[in-house]
Amino acid sequence: MLSPTTLAAAFDRVTDYWSPKVIGQVNDQLLKAAKLKGELVWHAHEGQDELFYIVKGSLRIEFENETVDLEQGDFLTVPSGVRHNPVAQEECWVLLIEPAATKHTGEEMTPRTRSLEEQLG
C-alpha cells in the first residue's frame, strides 16, 4: 500500500549539515533532504542538472559570475557543468532533485563529500 510522507518527517532523518538523505525517487531522479549551514565547496555536476528548493531558511548560491539569493519557497535549477558553491549563513533546509548518478560534490572530494550509499542510509 502507498503511504504519504510529510516533508517535516523526512527532515527529521537529517542529523548532519551537508549530508543529504534520499527521501524519494521519481524515475531516475532522487529527492534529497539536506540541512545546510556554512559553505560546501566550489563544484560542478557534469551531465546533470540540480534543483534546489528552499523549504526553510535562506541560501546563497555563488556562481563564477554572479550570486543568487534564495528564500523559503524559492527554487533554482543549476544547469549541468555550471560551477557553484552553496552558502547558508544560518540553518537552511533544502529539497534537492537530481539524477541518481549525480555525485554529491561533483569531482571535488572534501571531508563533507557523501557517497550515494551514505545518502541512502
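This report describes two buried polar residues and the nonpolar cores of a predicted model.

S19 sits in the loop that runs between α1 (7–12) and β1 (21–26). Its relative accessibility is 7%, so S19 counts as buried, the cut-off being under 20%. Leaving aside residues up to four places away in sequence, S19 touches V14 and R114. With R114 there is also a polar contact, side chain to side chain, at 3.4 Å.

K21 belongs to strand β1. K21 counts as buried because its relative accessibility is 15%. Among the residues that K21 touches, beyond those up to four places away in sequence, are R13, V14, L31, A33 and G121. E118 is another residue touched by K21, and the K21 side chain reaches the backbone oxygen of E118 at 3.2 Å. E66 is 45 residues from K21 along the chain, and the C-alpha atoms of the two are 28 Å apart.

The two side-chain polar pairs are listed here.

| Side chain | Partner | Distance |
|---|---|---|
| S19 | R114, side chain | 3.4 Å |
| K21 | E118, backbone oxygen | 3.2 Å |

The largest nonpolar core has 17 residues, and L36, F52, L59, C92 and V94 touch the most other members. At least two residues of this core come from each of β2 (29–39), β3 (50–56), β4 (58–63), β5 (67–71) and β7 (84–99). The most, four residues, come from β7. Another core, of six residues, lies apart from this one and includes A33, V55, W93 and L95.

C92 touches A34, K35, L36, I54, K56, G57, S58 and L59, not counting residues up to four places away in sequence.

Conventions. Residues numbered from 1 in each chain as written. Predicted model: local features only at pLDDT ≥ 70, side-chain atom pairs only at ≥ 80, totals over all residues. Heavy atoms only, no water. Buried < 20%, exposed > 50% of the residue type's maximum accessible area, 1.4 Å probe, protein only. Polar contact = N/O pair within 3.5 Å; in protein donor to acceptor, adjacent residues only side chain to side chain. Contact = heavy atoms within 4.5 Å. Core = buried A, V, L, I, M, F, W, Y, C linked by side-chain atoms within 4.5 Å.
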